[in-house]
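Dear colleague,

Below is the structure I promised to hand over, followed by my notes on it. Please read the notes with the coordinates open beside you.

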Amino acid sequence: MLTHMIKDIDIALLQETHFTKTSLKKWRTARFRSVHAAFGPSNARGAAIVARKQNDMESGNIWEDRIVAGILETAVGRTNIVNIYAPNVTAAKRSHEEYLQFMSGLDNILANLNGPLILAGDLNI
């Protein structure tokens, strides 16, 4: 079933990828020629944007190990795509503070982008 779904996907936004540089190569195939990923420590966390065609997506930026962005060229112009994997929030005060710090950083990133924006991902709300 997954093989059938993948063949029809032009762009996928993935979270909690747990990619490493080695495992990322598996995604760079004839199916997905453009792969942009943020890596987490020790095979953890991570977010990625994969596109079927190399020229569909310009490389954007990677912030930390949880935010990746790309720029999509469309008939109406350039569109920013930002994919995130926010930290989990638990009852612990440290967890809540980490989440607020992450969201503040994300807010700063989004404020500095120009043009239309697609924001996707796992906000862990």
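To begin in the middle of the fold, Val35 stands opposite Val50 in S3. The model is a predicted one, in which local features need pLDDT of at least 70 and side-chain atom pairs count only at pLDDT 80 or more, while totals for chains, interfaces and linings use all residues. Residues are numbered from 1 along each chain as its sequence is written, and side-chain values use heavy atoms, with hydrogens and water left out.

Helices (H or I, at least four residues) and strands (E, at least two) are DSSP runs, numbered from the N terminus, and two strands are said to pair if DSSP finds at least two bridges between them.

The chain as a whole

The secondary structure amounts to three helices and seven strands, which follow one another along the sequence in the pattern α-β-α-β-β-β-β-β-α-β. Of the 125 residues, 34% count as buried, where buried means under 20% relative accessible area, exposed means over 50%, and partly exposed lies in between (1.4 Å probe, protein chains only). The accessible surface of the chain is about 7700 Å², and carbon and sulfur atoms hold 53% of that surface; these areas come from the Shrake-Rupley method with a 1.4 Å probe, and for residues only the protein chains shown count as cover. Taking the contacts (heavy atoms within 4.5 Å) in the chain with a separation of 6 or more, residues 24 or more positions apart account for 50% of them.

The sheet around S3

Three strands form an open sheet in the order S1-S3-S2, with antiparallel pairing. Its edge strands are S1 (11-15) and S2 (34-38), each of which pairs on one side only. Neighbouring strands of this sheet are turned against each other by 10 degrees on average, direction ignored, the axes being lines fitted to C-alpha atoms (for helices over the stretch in contact) and angles running from 0 to 180 degrees between N-to-C directions.

S3 (residues 47-51) is joined to S2 by five bridges, and five bridges also join S1 to S3. On the S2 side, Ala38 has Ala47 as its bridge partner, and on the S1 side Ile11 stands opposite Ala51. Five of the five residues of S3 are buried, and both faces of the strand are covered, with Ala47, Ile49 and Ala51 on one side and Ala48 and Val50 on the other.

Arg52 lies in the loop between S3 and strand S4 (57-63), and with a relative accessible area of 24% Arg52 is partly exposed. Leaving aside residues up to four places away in sequence, Arg52 touches Lys7, Asp8, Ile9, Asp10, Arg31, Phe32 and Arg33. Of these, Phe32 is 20 residues apart from Arg52 in sequence and 4.2 Å apart in space, C-alpha to C-alpha.

Strands S5, S6 and S7

Strand S5 (residues 67-74) and S6 pair in the antiparallel sense over eight bridges, and the two form a hairpin with two residues between them. S6 (residues 77-85) is mostly covered, since seven of its nine residues are buried. S6 is also joined to strand S7 (residues 117-122) by six bridges, and here the two strands run parallel.

Asn80 in S6 is a convenient residue to follow, being the bridge partner of Ile71 and also having Leu117 in S7 as a bridge partner. Ile71 itself is found in S5, and Ile71 counts as buried because its relative accessibility is 18%. Ile71 and Val82 are eleven residues apart in sequence and 8.8 Å apart in space, C-alpha to C-alpha.

Helix H3

Helix H3 (residues 93-111) has 19 residues and reaches 27 Å from its first C-alpha to its last, close to the 27 Å expected at 1.5 Å a residue, where the expected span is 1.5 Å times one less than the number of residues. Which residues of H3 are buried? They are Ser95, Tyr99, Phe102, Leu106 and Ile109, and they lie on the same side of H3 because they cover an arc of only 85 degrees around the axis, the arc being that of the directions from the helix axis to the C-beta atoms. The face turned away from this buried side carries the exposed residues Lys93, Arg94, Gln101, Asp107 and Ala111.

With best regards
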